[in-house]
Structures are given as C-alpha cells and as structure tokens.
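Got a few minutes to poke around a model together? Have a look at what comes up below, and then we'll talk it through.

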Amino acid sequence: MGDEVEGFAFEQSHGKSRVRVARLWKGQDGRHFIVEWNVNISLLSNCIPAYVHGDNSDIVATDTMKNTVYVKAKECSEQLSMEDFAIGLAKHFTSFYQQVTTAIIKIVEKPWERMYIDGQPHQHGFKLGSEKHTTEVIAKKSGALRVTSGVEGLALLKTTKSGFEGFIRDKNTILPETRERMLATEVTASWRYAFESLSSIPTKPLYFTERYVDVKKVLLETFFGPPKEGIYSPSVQSTLYQMAKAVLGRFSNISSIQLKMPNIHFLPVNLSSKENPVIVKFEDDVYLPTDEPHGTIEASLSRLRSKM
C-alpha cells in the first residue's frame, strides 16, 4: 500500500544489491566451515521528504546497509543458517530505525562443498558445487514475518522411465507419442514456511539449513524413485505435482511450494534416410543434448486453510 503525495499515488523503497560476504568459522577441532552469501536489501520506510523536498534526514544510506551486512556477519560467532542471518538483518533494520516499516532480505548462497580426499572429509578444503540455496525474508516493524527458502539450478536427468502420450494433436503437431524417453530438467523451487512472527521462529541452531537439505532430499527421491526400479513419469507436469505434494506431505511447517521445471530435451540421433536406410544404427544410445527451445512447466501447491 502506497502513499498519496501531491495528488499522486506514490510507492517507494530503496536498498543495496549484490553485497557479497563470506563468513569463516574455525572449530576447536581444527575443522573449518565457510559460507559465501550474495545479499540484497530493500527497505520500506517513511522517507517521502527525500523524494518531494530533497530532505535526506530520514534516509538510511545504502553504504550503511552494506556495512551492516559485514558487522552482523562478524557478530555471528557461531555457525548459523542463511535464513537466520536474513532474519537477524531484517530485525535490525526494522527495530534500529524508527522510520523503517518493512525490511526485505534476499540471499543466494554460493554452493561451497567440503572436499573429500581418499574418502575422508578435508579439514579446510572446499569445492564449488552446482545448485544454489536461496531465501527471502520479509519482516515488519510489528514483528510479522514471512520466510521463503528455495533451491536454484538443481539439474536432474534420468535416462528411462519417462513418457508422454495422449496429448492434443493437430496439423502443427509432429511430436510422436512415447513411453520411453529421457527426462531432464533444472529445478527451481521455493517453499514458504508457516512461521508468521519473529517469536515463532525455531531456536534450534541450523534448523533452516537442515530443513533445506531435507526438502531437497524429498524432491530428489520423488523425481527418481527407488534406486533399482525407479518410478515412471507420464509427464513433467505429473512429476512436478508429485514432488510438490511429497514436500507438503512430509513437512507440516511448510505452507506452500512453487516449482519450475523446464523440459530439457535429449533428441535421439538418426542418420538413416530413404537413400541410405541404415547408415548408422544407434538403437537409442546416441543423443543430441539441447538447451533451447525447451518446454516450461511451473506450478505451486498450498495448504487449504481450515474452514471455521
């Protein structure tokens, strides 16, 4: 909801984007832990005079926001989740500055993973992984809170147990029906927690980090099925729905989940022609991987509120 200024409807916010910070914790046993976060801050505040009259006395400088990220990271003497760090930042901005009514903190974590050498975890060695952990925290001065976590770039592929049949056919359709194809996608998922206030946040250390790992595990298990027999996918849509349903079924404190799953195609190579019917017989073992165009599939699933 905006303000009325000089006869106009007016909405505003300001913030600092792409604040990169890495935090290193050194355990007493010599084991190191490191995170790298890309932090985006947006503040909603009562600073209309800055726009209308050039009076900056109510502006929180974006330089201050950037430096606050580093100060708050320094204050985290114990290892903590990205969500808890975002909540702490949002709480600071809404409580420390009288004019700030809402803080929106978005963070993307770079996926540094511990190295294993000869099967043993390295004390201080890390390698860069693939998918990224994300979060968005919206906190209001009243204490109202919304926490959303997610994963980006989760690339998945199974070489069988996928098909696509019974779809609409018209004069522009050339895609053959099949019960045997590869299924590849790059999952983007975001799930909203049921916590609605700062006081309702779990106090267990690394709670959100553990839940992120748990949700990702459920998504993977549902996509692939059991390790030997797998599970058949009649469409990306069906698999997406089952993945979303599995997450809500497993975790009662997640109220909704959104999934984006592009259908990334692997096209069987066929070098046969009328003139040369069998140049090379591939028998579905050589494919052309493609990036685009690709199908786009997106859906969200939410719990229904109980009727009184």
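What follows is a round of questions and answers on annotated sites, salt bridges and a surface patch.

Q: Before we start, what kind of model is this, and how are residues numbered?
A: Residues are numbered from 1 along each chain as its sequence is written, side-chain values use heavy atoms, and hydrogens and water are left out. Local features need pLDDT of at least 70, side-chain atom pairs count only at pLDDT 80 or more, and totals for chains, interfaces and linings use all residues, since this is a predicted model.

Q: Where does UniProt place the feature "active site", and why don't those residues all gather at one spot?
A: The unreviewed UniProt entry puts "active site" at Lys16, Thr62 and His265. They span 250 residues in sequence, and the farthest two C-alpha atoms are far enough apart that the residues do not all gather at one spot. As for such annotations, UniProt positions follow the numbering used here, feature names are shortened, and the annotations may be inferred rather than shown by experiment. The distance between those farthest two C-alpha atoms is 43.6 Å.

Q: In which strand is Lys16 found, and which residues does it touch?
A: Helices (H or I, at least four residues) and strands (E, at least two) are DSSP runs, numbered from the N terminus. By that scheme, Lys16 is in strand β3, residues 14–26. Contact here means heavy atoms within 4.5 Å. Leaving out residues up to four places away in sequence, Lys16 touches Val39, Asn40, Ile41, Thr62, Met65 and Lys66.

Q: What is the relative accessibility of Lys16, and what is that of Thr62?
A: Buried means under 20% relative accessible area, exposed over 50%, and partly exposed in between (1.4 Å probe, protein chains only). Lys16 counts as partly exposed because its relative accessibility is 26%. Thr62, found in helix α2 (residues 62–75), also gets the label partly exposed, at 28%.

Q: Which residues is Thr62 in contact with, beyond its neighbours within four places in sequence?
A: Thr62 carries a second UniProt label too, as the unreviewed entry places "binding site" at Thr62 and Asn263. Those two are spread over 202 residues of sequence and up to 40.1 Å between C-alpha atoms. With neighbours within four places set aside, Thr62 is in contact with His14, Gly15 and Lys16.

Q: Is Asn263 buried or exposed?
A: Asn263 is found in the loop between β11 and β12. Among the residues it touches are Arg181, Leu183 and His294. Its relative accessibility is 10%, so Asn263 counts as buried.

Q: Which backbone oxygen lies 3.3 Å from a polar atom of the side chain of His265?
A: His265 is in the loop between β11 (254–260) and β12 (266–268), and it counts as partly exposed because its relative accessibility is 27%. Its contacts include Leu288, Pro289 and His294. The backbone oxygen at 3.3 Å from its side chain is that of Asn263.

Q: How many salt bridges does a search of the whole structure find?
A: A salt bridge is a side-chain nitrogen of Lys or Arg within 4 Å of a carboxyl oxygen of Asp or Glu. Lys106, Glu136 and Arg146 are linked in a network of them. The search of the whole structure gives 12.

Q: How many residues apart in sequence are the parts tied together by Lys216 and Glu131?
A: The side chains of Lys216 and Glu131 meet in a salt bridge at 2.8 Å, N to O. Lys216 lies in helix α4 (residues 207–224) and Glu131 in the loop between β7 (120–128) and β8 (132–140), so the pair ties together parts of the chain that are 85 residues apart in sequence.

Q: How far apart are the closest N and O atoms of Glu221 and Lys217?
A: Glu221 and Lys217 are separated by about one helical turn because they are 4 residues apart in helix α4. Glu221 is partly exposed at 37% relative accessibility, and Lys217 is partly exposed at 46%. Their salt bridge has its closest N and O atoms at 2.5 Å.

Q: Which residues form the nonpolar patch on the surface?
A: Patches are made of residues with over 30% relative accessible area and no salt bridge, with like charges joined within 9 Å and nonpolar side chains (Val, Leu, Ile, Met, Phe, Trp, Tyr) within 5 Å. Accessible areas come from the Shrake-Rupley method with a 1.4 Å probe, and for residues only the protein chains shown count as cover. Together the patch has about 320 Å² of accessible area, and its members are Leu24, Ile34, Trp112 and Leu128.

Terms used
A polar contact is a pair of N or O atoms within 3.5 Å; within protein, one must be able to donate a hydrogen and the other to accept it, and residues adjacent in sequence count only if both atoms are side-chain atoms.
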